[in-house]
Amino acid sequence: MSVQALHRRAYLGLDTARRDAAHFIDGAFTQGTTGKNWENRTPLDNSLIGRVPEGGRAEIDAAVRAAKAALDGPWGRMTVAERTDLLSAVADEINARFDEFLAAECLDTGKPYGLASHIDIPRAAANFKMFADTVKTLSTETFVMPTPDGAGAINYALRRPKGVIAVISPWNLPLLLMTWKVGPALACGNTVVVKPSEETPLTATLLGEVMNKVGAPKGVYNVVHGFGPGSAGEFLTQHPLVNGVTFTGETRTGEAIMRQAALGVRQVSFELGGKNPAIVFADCDLDKAIEGTMRSAFANCGQVCLGTERIYVERPIFDAFVARLKAGAEGLRLGRPEDPSTNLGPLISQEHRTKVLSYYRKAIEEGATVVTGGGAADMPGDLAQGAWVQPTIWTGLTDDASVVNEEIFGPCCHIRPFDTEGEAIRLANATPYGLAAAVWTENLSRAHRVAAQMDVGVCWVNSWFLRDLRTAFGGAKQSGIGREGGLHSLEFYTELSNVCIKL
Ligand code: NAD
């Protein structure tokens, strides 16, 4: 299917005006009042998808007030059963419109259908379903206590919605990561105002249609498009009626948002950047380690927060590992999303490509051996205008090289040998980040021992990106604040109040 045909399919059933993205405020689509907008271009070939309105203070204020009114109105009065039925219907409707979501996401990001149809879109539906199921069976603690008069007292806890939640989301897994916040926020009875990434406005907009279709009360789910500083992102996180800010994105952006959310002392939940290690021991199952590391280094063109950019391999298998990962990387096919043989799409934008290529150059300046790749990818026809780079592997850099220490967020990794378990752990932990790690070993005791010493929020042993949504997810050190997932999400999306009754 051509990009043009994809394009049409992405907007199946939508009128032409809606090829442009729109804000979704109080149950209605609007272009807003700023008169400002920008071009949304696909990184596949840089062709125009449509225009996106930039929201200003007025749009943010309208969206936040609509969210507040919904809280105080019909949404706030719904029973848990009514609310969770509605969220299950959202999941069903995403699945019913799977092809539209898929095509829209792949246009915005350029990622392969094969990836988005297995990960992005099904996980978005699962995010609503799982949190709807989680809150159905919630219980809270009670404590009976003695009192001096002998009558006693009973304490019990109530979980109440936090209020209006600001959701600021990134571009790498746009619908998945946005619904990972919207799902639990709504399940807990909050309302949301979403500011999607400026790179990927389509699926958040489309979700507005889903909300209307399933009968979500107006104002429960709002979307305002725009940028960060001096734009919708900053205005949203500073709005006095916002009760909490949940953010996924770069660590530096997290610092800025934390300052903004400090006004009025709003709580934040942050999932931030990473520079994730993999440790590959000589006693691993090499086939599995190669398969997992191929995914963790190159999936989504390396634009996964959990992705591996540093690989430490025990010396006896170092050469074999490098040779096999090189063969794997050289077997990856770059191409159009709809082509079933495509493994790798482009980077998200020309701007990001410039950044990634600057690291490719820096690696050479810092003395790397380029095992494979190392530059821009030559693509045929229209794709030559897209944001393509070669999957790249380096060896030979010193531990202080910037390429080994800074998050690149591209399809690239550095491989370094190690000699002892202790050395591998020290190297893996030598970073200000602490999001994820992967450990490859067939030795059970070693697996437990090493996993327990990783300074990360998520440690995989003999796997990568294997996710049970009930588990805690988040980053240690500069990779985040707080944990979300399953019951852990309740800590952020509800206020726990204790009721003490003197008998
Ligand atoms: P980004 O930080 O550049 O942008 C994320 C969002 O923040 C966008 O919507 C942007 O418009 C908004 N924003 C920027 N400045 C803002 C401000 N001052 N106030 C309010 N909003 C603002 O991140 P990105 O480039 O979109 O995504 C890639 C980054 O996200 C990588 O660092 C990656 O590691 C990280 N990430 C982390 C996780 C995780 O779970 N830890 C998941 C995915 C991505």
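Analyst: A residue is buried when its relative accessible area is under 20%, exposed when that area is over 50%, and partly exposed in between (1.4 Å probe, protein chains only). The model is predicted: local features need pLDDT of at least 70, side-chain atom pairs count only at pLDDT 80 or more, and totals for chains, interfaces and linings use all residues. Residues are numbered from 1 along each chain as its sequence is written, and side-chain values use heavy atoms, with hydrogens and water left out.

User: Why is Cys459 called partly exposed?

Analyst: Its relative accessible area is 27%, which falls between the 20% and 50% limits.

User: What makes Cys284 buried?

Analyst: Cys284 has a relative accessible area of 12%, and the rule asks for under 20%.

User: How many disulfides does the rule give?

Analyst: The count is zero. A disulfide requires a pair of cysteine sulfur atoms within 2.5 Å. For Cys284, the nearest cysteine sulfur belongs to Cys459 and is 15 Å away, so the pair fails the cut-off. Cys459 is likewise in no disulfide, its nearest cysteine sulfur being that of Cys284.

User: What makes Val144, Ile154, Ile501 and Leu503 a patch?

Analyst: Patch members need over 30% relative accessible area and no salt bridge; like charges are joined within 9 Å and nonpolar side chains (Val, Leu, Ile, Met, Phe, Trp, Tyr) within 5 Å. A salt bridge is a side-chain nitrogen of Lys or Arg within 4 Å of a carboxyl oxygen of Asp or Glu. Ile501, at 36%, is partly exposed and so passes the 30% condition. The four residues form a nonpolar surface patch with about 360 Å² of accessible area together (Shrake-Rupley method, 1.4 Å probe; for residues, only the protein chains shown count as cover).

User: How do you know which contacts with the ligand are polar?

Analyst: A polar contact is a pair of N or O atoms within 3.5 Å; within protein, one must be able to donate a hydrogen and the other to accept it, and residues adjacent in sequence count only if both atoms are side-chain atoms. A side-chain N or O atom of Lys195 is 2.6 Å from a ligand oxygen, a backbone N or O atom of Glu250 is 2.9 Å from a ligand oxygen, and for a polar side-chain atom of Glu271 the distance is 3.4 Å. These distances meet the cut-off. The protein buries 93% of the 850 Å² that the ligand exposes when taken alone.

User: Is Met454 buried or exposed?

Analyst: Met454 is buried, since 7% is under 20%.
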